[in-house]
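Reader: I would like a close look at one part of this model, namely how the side chains pack together in the interior. Please begin with the term on which the account depends, and then place that part in the rest of the chain.

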Amino acid sequence: MPEGPELHLASRFVNAACAGLVFGGAVETSRCSRGPAVPFESSAYRISASARGKELRLALRPLPGALPAREPLALVFRFGMTGSFRLAPRDALPAHAHLRFYTAPPGPRLALCFVDARRFGRWHLGGDWQPGRGPCVLLEYERFRENVLRNLAHKAFEQPICEALLDQRFFNGIGNYLRAEILHRSAGRPRGGGMCPRARCLAGPLSARCSLGIPPFEKARTVLEALQQRRPSPEQTLSQKIRAKLQSPDLLELCHSVPKEVVQLGGKGYGPESGEEDFAAFRAWLRCYGVPGMSSLRDRRGRTIWFQGDPGPLAPKGGKSRKKKPKGAQQGPEHRTEGPLLPSAARSRSRGARRGPPEQGTAQQPEGTSLQQDPEVPPAPVKGRRRRQPAASGHRRPQRIKANTRSLEEGMSAS
């Protein structure tokens, strides 16, 4: 699903694609759209975009002399699981284009479309970012870091670090693939094996650190409190401090630098609208998420976390760690696991198979969901025994009575 880098790349795409275009007319919504109608109409206006965390703001600004005279309007989008923006010819709109902005004549008739196949994306009028979201990990790093370290007493940090990283109140822009990559690239265990004394490992030099990353089910407060004790030596020069930070970034620094790497890859990042060429670069960049040889578990929210080594002391009881094997390897039923749904694989699957793993279930997200979990992700469906529904007319279907074949045989032999 789109995460912070994908929203940032989408804002870049909109600004680049719409830089020389003039839009006109009314904004259209599809008949099956779940978002509100956009009461905006102008004979000539321009569109620009900006992103913050997992939200994108679209600004509609009328040109001087445009009719009817009106104020600019802003909309804020959350992409859900499959949202994206595309520019297409007006007479060849893409499927699932739920919001459409048309260009004005003269010139080619185009439409900027918000495309969302699974319809978990949302937009609202007004231009205000969603209240309660923390600073953006990409664009507001210093504020983001301060917000986390200042609130370590919050109960959100009593849960495993892999679940805390999805809390948008503190990690605005981090999602499922980013949390796996960040934890995997973090230093958290000594090379000799076993669990490390967290503060000593995280505050020590790079040579004394581990190579397996932070266990995903380590307590979040334990991991983050160690960062408060990490202080650069006053004897270090500025260049030495910068070199040390680049060579051994801590967890919060990785929350900024890892999404930044995805943005620098270009393309559209991770998502169903990515072309194969774009996604090949992203797939090569991944070190942990869905990579063969890595293990996976489901957290309490039903989402899959990928990792290497020991999962940590707060791992779900009874949860069986599954390791992804390379393609072509023989896998028995006990080794089969569900990897991330890649765009190239999604197009080749049947309609029923495209439903994806349980964390990508199609149950609708209830209103008023807190930001403790990723608000764009629907809860995993609860599997249960299906009961037979009564007939719609209220009359029960007559039960079939199975004949007792043994008694019939006896009766026939007796006769």
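Author: Contact here means heavy atoms within 4.5 Å. With that in mind, and leaving out residues up to four places away in sequence, Phe171 touches Val137, Phe144, Val148, Phe157, Ala164, Leu165, Leu224, Leu252 and Cys255. The structure is a predicted model, in which local features need pLDDT of at least 70 and side-chain atom pairs count only at pLDDT 80 or more, while totals for chains, interfaces and linings use all residues. Residues are numbered from 1 along each chain as its sequence is written, and side-chain values use heavy atoms, with hydrogens and water left out.

Phe171 belongs to a wider group, the largest nonpolar core, which has 45 residues, and Phe171 is listed with Val148, Leu224 and Leu251 as having the most contacts inside it. Such a core is a set of buried Ala, Val, Leu, Ile, Met, Phe, Trp, Tyr and Cys residues joined through side-chain atoms within 4.5 Å, where buried means under 20% relative accessible area, exposed over 50% and partly exposed in between, with a 1.4 Å probe and protein chains only. At least two residues of this core come from each of α2, α3 (161-164), α4 (176-185), α6 (220-228), α8, α9 (276-285) and β11, and α8 gives the most, with six residues. These element names refer to DSSP runs numbered from the N terminus, helices being H or I with at least four residues and strands being E with at least two. In soluble globular proteins, nonpolar side chains tend to be buried together. Apart from this largest core lies another, of 27 residues, among them Leu73, Leu75, Phe101 and Leu110.

Two of the contributing helices also meet each other, and their contact repeats several of the names above. The axes of α2 (residues 141-150) and α8 (residues 251-265) come within 10 Å and cross at roughly 145°, the axes being lines fitted to C-alpha atoms, for helices over the stretch in contact, with angles running from 0 to 180 degrees between N-to-C directions. Tyr141, Phe144, Arg145, Val148 and Leu149 in α2 meet Leu252, Glu253, Cys255 and His256 in α8. By class, this contact holds six nonpolar, one polar and two charged residues, counting Ala, Val, Leu, Ile, Met, Phe, Trp, Tyr, Cys and Pro as nonpolar, Asp, Glu, Lys and Arg as charged, and the others, Gly among them, as polar. Phe144, Val148, Leu252 and Cys255 therefore appear both in the contact of the two helices and among the residues touched by Phe171.

Strand β11, another contributor to the largest core, sits in an open sheet of three strands in the order β11-β10-β12, with antiparallel pairing; two strands pair if DSSP finds at least two bridges between them. Its edge strands are β11 (304-307) and β12 (322-323), each of which pairs on one side only. Four bridges join β10 (residues 295-298) to β11, and Arg298 stands opposite Thr304 in β11.

The other core also has a link to a sheet. Leu75, one of the residues named in that core, has Leu125 in β9 as its bridge partner, and β5 (residues 73-78) pairs with β9 in the antiparallel sense over four bridges. These two strands belong to an open sheet of five strands in the order β1-β3-β4-β5-β9, with antiparallel pairing, whose edge strands are β1 (23-26) and β9 (122-125). The twist of this sheet averages 35° from one strand to the next. Helix α1 (residues 4-17) lies across β3 (41-52) and β4 (55-62), running at about 150° to β3.

Some backbone details belong to the loops beside these strands. The peptide bond from Leu67 to Pro68 is cis, with omega near -10°, and Pro68 is found in the loop between β4 and β5. Arg119, in the loop between β8 and β9, has a phi near 60°, a positive value in a residue other than glycine, and is partly exposed, with a relative accessible area of 27%.

For the chain as a whole, which has eleven helices and twelve strands, buried residues make up 46% of the 415 residues. Among contacts with a separation of 6 or more, 65% are between residues 24 or more positions apart.
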